[in-house]
Amino acid sequence: MTTALRVRLRHAGRAGRRRLETYLIVAAQAGLAATLAWLAARELLGNQDPTFAPAAAVGVIAAALGNRARRTVELVVGVLLGIFVGDTLVEILGTGPWQTGVIVFLSAAVAAAARGTGALMTQAGGTAVLVATVTPTSPDLEWSRTVNATVGGAIGLLVVLVLAPLNPMRTVRRVADPTLNLFAREMTASAEALARADARAAQEILHRMRAAKPQLERLSEAVTAAEEVVRLSPVRWRRRRTLAAYGRAVEHMDRAFRNSQAMVRRIGTTLRDEEPVPADLPAAAERLGEAVRMLHREFLAARAPVQTRERVLSAVREAGEACRQDIGFSGTIVVAQLRTVANDMLRATGVSSDEARRMVRRAAAG
């Protein structure tokens, strides 16, 4: 437990530093967007209360990475929905405490019925509150809010997509480098544990891999954000092909990482039971680590991942050789799980499901 906690704390510290590096850029975008939105609403449109414009701009910047365009639409649609429902119900019910509750409930319910997210429901409900409580004494406030939401959302998008877009490859590399290096490093460590018959080392590897789960999630988030930038930002269009390859690969790499944890768990069982370990088995695990490193390099270089496939199939062949030697029950399961990881890796390189299975079967047969 002490080892697992120490590993988790170390990974959490590293992840926190990397996350801070990424979100300092987001903070700078938010500051710029808030300034421009305030100026646009106050100076260009003559809105004497431009508060919601910078708030909307910051809301777009702070939205989940990769969902900013959708968040902008939700801001505006939510405000319009709140105005429509609120105005309609004020005419019917009048104003007051219970009327406000009913109006907000129905506005949020309509947003939910339209399969809106929390952001859309929040904007619809918030605008309905203004319509029910403030509008009778401050007419046209809801119209000002609509204009501010539109201006703020548009400026937020302008900042993140045109004026100060994230560098998509730098963003992905910042997350992918430590994540994929960790994956490759743990495969190499697994090979060393097998070669040394070190069951304790295998258990520590498993602890580290479990603690690294959030890093895989951040990689998926970073790729999604980068894909949005290269899809919508003209200055980043040339990166579309590279990011498309990364986007297709992330899901399969996540599966490969999860399946490799099952493999490492069975490696620990193999070593604790003192089963024989043919030399080809640690060699196969080492080849997987090499394949992970090569996949990352080939994607960043915008090359077809041919060398990655060769290393994956080499790992399968060596595992097949191990299976034909003196090997125990858990060892055969390690081989089977390695083939599953290899299948995931091949899918990450762009190979179809059927072709990946055929390639693995042929390599396993020698």
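## A guided tour, starting from Val-312

Select Val-312 to begin: its relative accessibility is 0%, so it counts as buried. Keep in mind as you go that this is a predicted model. Now colour the helix around your selection: Val-312 belongs to α12, which covers residues 306–323. Next, add Met-345 to the view and draw a C-alpha to C-alpha distance. The two residues are 33 apart in sequence, and the distance between them in space is 7.2 Å.

**Stop two: the largest pocket**

Which residues should you select to find the centre of the largest pocket? Pick Arg-241, Ala-245, Arg-248, Phe-299 and Arg-303, which lie nearest the centre among the 15 residues of the lining. Three elements each give two or more residues to this lining: α10, α11 and α13, the last of these spanning 329–348. Show α10 on its own for a moment, as it gives the most to the lining, with 5 residues. If you colour the lining by residue character, you will find 7 nonpolar, 3 polar and 5 charged residues. The space inside the pocket comes to about 200 Å³.

**Stop three: a nonpolar patch on the surface**

Switch to a surface view and select Leu-32, Leu-158, Val-162 and Leu-163. Together they make a nonpolar surface patch of about 310 Å². Which helix supplies the largest share of the patch? Helix α6, residues 141–163, gives 3 residues. Leu-32, for its part, sits in helix α1, residues 2–44. Is Leu-32 buried, exposed or partly exposed? Its relative accessibility is 34%, so Leu-32 counts as partly exposed; the band for that label runs between 20% and 50%.

**Stop four: two loops with positive phi**

Before you zoom in, a reminder about backbones: most residues other than glycine have a negative phi. Now go to the loop between α7 (168–196) and α8 (199–211), where you will find Ala-197. Its phi is near 55°, a positive value in a residue that is not glycine. Ala-197 counts as exposed because its relative accessibility is 53%, and the cut-off for exposed is over 50%.

For the last selection, move to the loop between α10 (240–272) and α11 (280–300) and pick Glu-274. What is the phi of Glu-274? Glu-274 has a positive phi of about 55°, although it is not a glycine. With a relative accessible area of 69%, Glu-274 is exposed.

Conventions: Residues numbered from 1 in each chain as written. Predicted model: local features only at pLDDT ≥ 70, side-chain atom pairs only at ≥ 80, totals over all residues. Heavy atoms only, no water. Helix = DSSP H or I, 4+ residues; strand = E, 2+ residues; numbered from the N terminus. Buried < 20%, exposed > 50% of the residue type's maximum accessible area, 1.4 Å probe, protein only. 1 Å grid on protein atoms, 1.4 Å probe; cavity = no way out; pocket = protein on both sides within 12 Å on 5 of 7 lines; lining within 4 Å. Points joined across faces, edges and corners; volume = space filled by probe spheres on them. Nonpolar A, V, L, I, M, F, W, Y, C, P; charged D, E, K, R; others polar. Patch = residues over 30% accessible without salt bridge, like charges linked within 9 Å, V, L, I, M, F, W, Y side chains within 5 Å. Areas by Shrake-Rupley, 256 points an atom, 1.4 Å probe, with all protein chains shown as cover. Salt bridge = Lys/Arg side-chain N within 4 Å of Asp/Glu carboxyl O.
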